[in-house]
Amino acid sequence: MLSLKVNADGPFRSGPDATGQRASDPEISVGGYFLRIGPRQIPLSSGETLVGRGEECDVVINGALVSRRHARILFDDGEPSVEDLGSMNGTFVNGARLQGRVPICPGDRMFVGSFEIQFLWIGSEPPESGVKADDVCDRATPPSGVSVATSLPTSRESDHWGAVTERGRVADLFDLETIESAGRLAERMFALGRPLAGRDILFGPLNQVLAATRAGQAVDSEILDAAGHHAMKLAHEACDANWMNLAVEIHVLADHPMRAETLERVIELRSKAPVGDDTLIAQLHRQMQKETATMPLGERLLLSDLAALIPPTDDDDK
């Protein structure tokens, strides 16, 4: 099969595989079905097309959010479907996260990591179908193929996110590129009006950072800043204060001051309703207050605004 490799510089084609065959050969191709990634395209063959980071894949994508064997596209009696292969960060079709295998049709858009893959058809009409060449399938991804994260993990549940994988160190699971890639993909989902899909994308990376700080592991300051930023963006988009708590908690546990932009989001959301954990927010305020001598005026004013949103305690009255 003719494989496609994708990296930070964009997609590029490689030569034929060990069999010497190419996917465009009539005996192994499947009509006019093909994948498009950016400006490049690759015809699909019968059987399966494996997508992932591993060199053995037919479509190799070098991305921080991509698993070695991420997903595959199959044809059963000419009917196309896509299946997630238990990837860490999931496979999305038309904004919905897949669980297992679901049918796809021309026009569907898949996200693997932060890369968009279009499933398309060239020809008069697909086999046994009334869909014309440029038509886009208007059906939604089947509900049975959607998996939605429903809550943040407790301390015990978060052990999963801190587990050592085949890559070795826990830190490898949430490097800065992974957090930022997840954030960019989530932003696309927010722009499409799909905050729950954005939540599903950020769920794993953000909770990996939370698990690490709860375990007392040292986390790079840039990762903390990025995680706090994306968690607060998600708190606003999903109207869920749990993500505010996550943003505040990772900064408190790491004893790391929150960036002004992220703190502004905390204050903005907090001023609309008494959301978020009062104790955590008070802890963040106390920690950052220790640094006021070296803070610019703007950040000191933000701390004053935050203090006004923290309810008094019995100790404050003494």
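Visitor: Which residues in α6 are met by M244, N245, V248, E249, H251 and V252 in α4?
Guide: In this predicted model, local features need pLDDT of at least 70 and side-chain atom pairs 80 or more, while totals for chains, interfaces and linings use all residues. Residues are numbered from 1 along each chain as its sequence is written, and side-chain values use heavy atoms, without hydrogens or water. Contact means heavy atoms within 4.5 Å, and helices are DSSP runs of H or I, at least four residues, numbered from the N terminus. The residues of α6 met by those of α4 are L280, I281, Q283, L284 and Q287.

Visitor: Is α4 parallel or oblique to α6?
Guide: The axes, lines fitted to C-alpha atoms over the stretch in contact, come within 9 Å and cross at roughly 40 degrees. Angles under 35 degrees count as roughly parallel, over 145 as roughly antiparallel, 65 to 115 as roughly perpendicular and the rest as oblique. Therefore α4 and α6 are oblique.

Visitor: How are α5 and α7 oriented?
Guide: Helix α5 (residues 260-272) and helix α7 (residues 297-307) pack with axes 10 Å apart, at an angle of about 25 degrees. That angle makes α5 and α7 roughly parallel.

Visitor: How many charged residues are in the contact of α5 with α7?
Guide: From α5 the contact takes A260, L263, E264, V266 and I267, and from α7 E299, L302, L303, D305 and L306. Asp, Glu, Lys and Arg count as charged, Ala, Val, Leu, Ile, Met, Phe, Trp, Tyr, Cys and Pro as nonpolar, and the others, Gly among them, as polar. Seven residues are nonpolar and none polar, and the charged residues number three.

How values were computed
Axes fitted to C-alpha atoms, helices over the stretch in contact; angles between N-to-C directions. Helix = DSSP H or I, 4+ residues; strand = E, 2+ residues; numbered from the N terminus.
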